[in-house]
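Open the structure in your viewer and keep the selection tool at hand. The tour goes from stop to stop, with a selection to make at each.

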Amino acid sequence: MTVISSPGDFRIAAQSRLPRFLFDYADGGAGSEATMRANVEDLARVGLCQRVMCDVADIDLSADLMGVQRPLPIALAPIGIAGMYRRRAEVQAARAATSAGIPFTLSTVGLCSLTEVRAGTAGPLWFQLYVIRDRGFMSDLIETAKEQGAEALVFTVDMPVPGSRHRDAHSGMSGPYAPLRRAMQAVGHPGWAWDVGVRGRPHRLGNLTPVLGEASGMDDYIGWLAANFDPSIAWKDIGWIRAAWKGPLIIKGILDPEDARAALDAGADAIVVSNHGGRQLDGASSTARALPAISDAVGGRLSILADSGIRSGTDVIRMLALGADGVLLGRAWLYAVAAGGEAGVAALIGLIEREMRVTMALTGVRSIGEIDRSILLDG
Ligand code: FNR
């Protein structure tokens, strides 16, 4: 049994529970995985000033995220096929997020549909949209998001084409005899096979069933991504999305100040400074390095969220100090849900919250609004 005392322990617990093709799909990145590693390493190197005698008896973690006061400046990031990691994992994670009062973002390519997640929880729900060729279907999805009461649309722009993820061919996620290799791995992980393989059906991409039909299972997943993502996407395309979606629009996948300005000009309410967890352009900057310049360029004019590499509550404080208004947790929640379902995600959020409190106390700040570059060693 893995003892869970820090968010990183969920990764170890998830690794022993999951078949290799799923663990590697989550744990891997693009190319040599240099950017994926840099996300974690650069963030860990962001030094913090130890301050003392600041009366930190009362610490307030609440924050304004795009005009809504939340108990924490955190949302759960969109993760495709999360439902393969734990039975109906999108619903389980959304419930844990609801209990903590933070938004859950449902991916276009989640297993659970918008309707299923909404039936499972009444909490704050964001919907993530990918740029797919069939614009009529995108409009339908936006309508469904409205009907199901999604509070924000997260439009992911850093995947005009899927990144080069070499681990997938080796793991059985794709490549020769993939279904057979996956089945053999499942046999070696009976806990997962029973929970997800048997009881976690259907293994369809719930939001895409209208276009993919009943066959929208794991076998189509990588092929569907490659065939249907629209590489012709450009800033002008935001126009019709902005027209179709009047609520808060979050553009996810910004890593450059010029692109941040373009997102602002296109009418975004927020951006996510993100390199997709190092899964797209290997060699791209870590988000910790990219964030300060983006904050200087557009901070105060739209909300800045950040993700990629956040593995602890201290990392959350680091991102806020570098200029983010809030953060998204990616792999952190995926490992937690894989390891422990809804209770795992609830425990993860609790651990992150406690670490944030400790880090704030030891850097001498009492509220999220007080966190800025002054708490950075090199600030
Ligand atoms: C992702 N991410 C992602 N992003 C998105 O906009 N739509 C999606 O469907 C997915 N799917 C997805 C699957 C898996 C397995 C991973 C690990 C990531 C990216 C995700 O939202 C987020 O940007 C990164 O996970 C953040 O990096 P860390 O925190 O995981 O390092």
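A cavity is a set of grid points where a 1.4 Å probe fits but cannot get out. Keep in mind that this is a predicted model.

**Stop 1: the cavity**

A search of the whole structure turns up one cavity of 30 Å³ or more. Its volume is about 420 Å³. Select P78, I79, G80, H276 and R279: of the 29 lining residues, these are the closest to the cavity's centre. Next, colour helix 2 (20–27), helix 11 (218–228) and helix 16 (331–363), the elements that each give two or more residues to the lining. By type, the lining divides into 14 nonpolar, nine polar and six charged residues.

**Stop 2: a surface patch**

Select Y177, L180 and M184, which make a nonpolar surface patch of about 400 Å². M184 sits in helix 8 (residues 178–187). M184 counts as exposed because its relative accessible area is 56%, and the cut-off for exposed is over 50%.

**Stop 3: salt bridges**

Side chains of opposite charge can pair when their charged atoms come close. The whole structure holds 20 salt bridges.

Start with R45 and D42, whose closest N and O atoms are 3.0 Å apart. Which of the partners is buried, and which is exposed? R45 is exposed, at 60% relative accessible area, whereas D42 is buried, at 15%.

Go on to D195 and R86, a salt bridge with 3.7 Å from N to O. D195 belongs to helix 9 (residues 190–198) and R86 to the loop between strand 3 (74–76) and helix 4 (89–100), so the pair ties together parts 109 residues apart in sequence. D195 is buried, at 7% relative accessibility, and R86 is buried too, at 15%.

Now select R242 and D269, which meet in a salt bridge of 3.0 Å, N to O. R242 is in helix 12 (residues 238–244), while D269 is in the loop between helix 13 (257–265) and strand 8 (270–273), so this pair ties together parts 27 residues apart in sequence. R242 is buried, with a relative accessible area of 19%; D269 is partly exposed, at 32%.

To end this stop, select R11, R20, D24, D27, E33 and R167, which are joined into one network by salt bridges that share partners.

**Stop 4: T144**

Last, select T144 in helix 6 (residues 135–147). T144 is partly exposed, at 24% relative accessibility. Add S113, which is 31 residues from T144 along the chain; their C-alpha atoms are 9.8 Å apart.

How values were computed. Residues numbered from 1 in each chain as written. Predicted model: local features only at pLDDT ≥ 70, side-chain atom pairs only at ≥ 80, totals over all residues. Heavy atoms only, no water. 1 Å grid on protein atoms, 1.4 Å probe; cavity = no way out; pocket = protein on both sides within 12 Å on 5 of 7 lines; lining within 4 Å. Points joined across faces, edges and corners; volume = space filled by probe spheres on them. Helix = DSSP H or I, 4+ residues; strand = E, 2+ residues; numbered from the N terminus. Nonpolar A, V, L, I, M, F, W, Y, C, P; charged D, E, K, R; others polar. Patch = residues over 30% accessible without salt bridge, like charges linked within 9 Å, V, L, I, M, F, W, Y side chains within 5 Å. Areas by Shrake-Rupley, 256 points an atom, 1.4 Å probe, with all protein chains shown as cover. Salt bridge = Lys/Arg side-chain N within 4 Å of Asp/Glu carboxyl O. Buried < 20%, exposed > 50% of the residue type's maximum accessible area, 1.4 Å probe, protein only.
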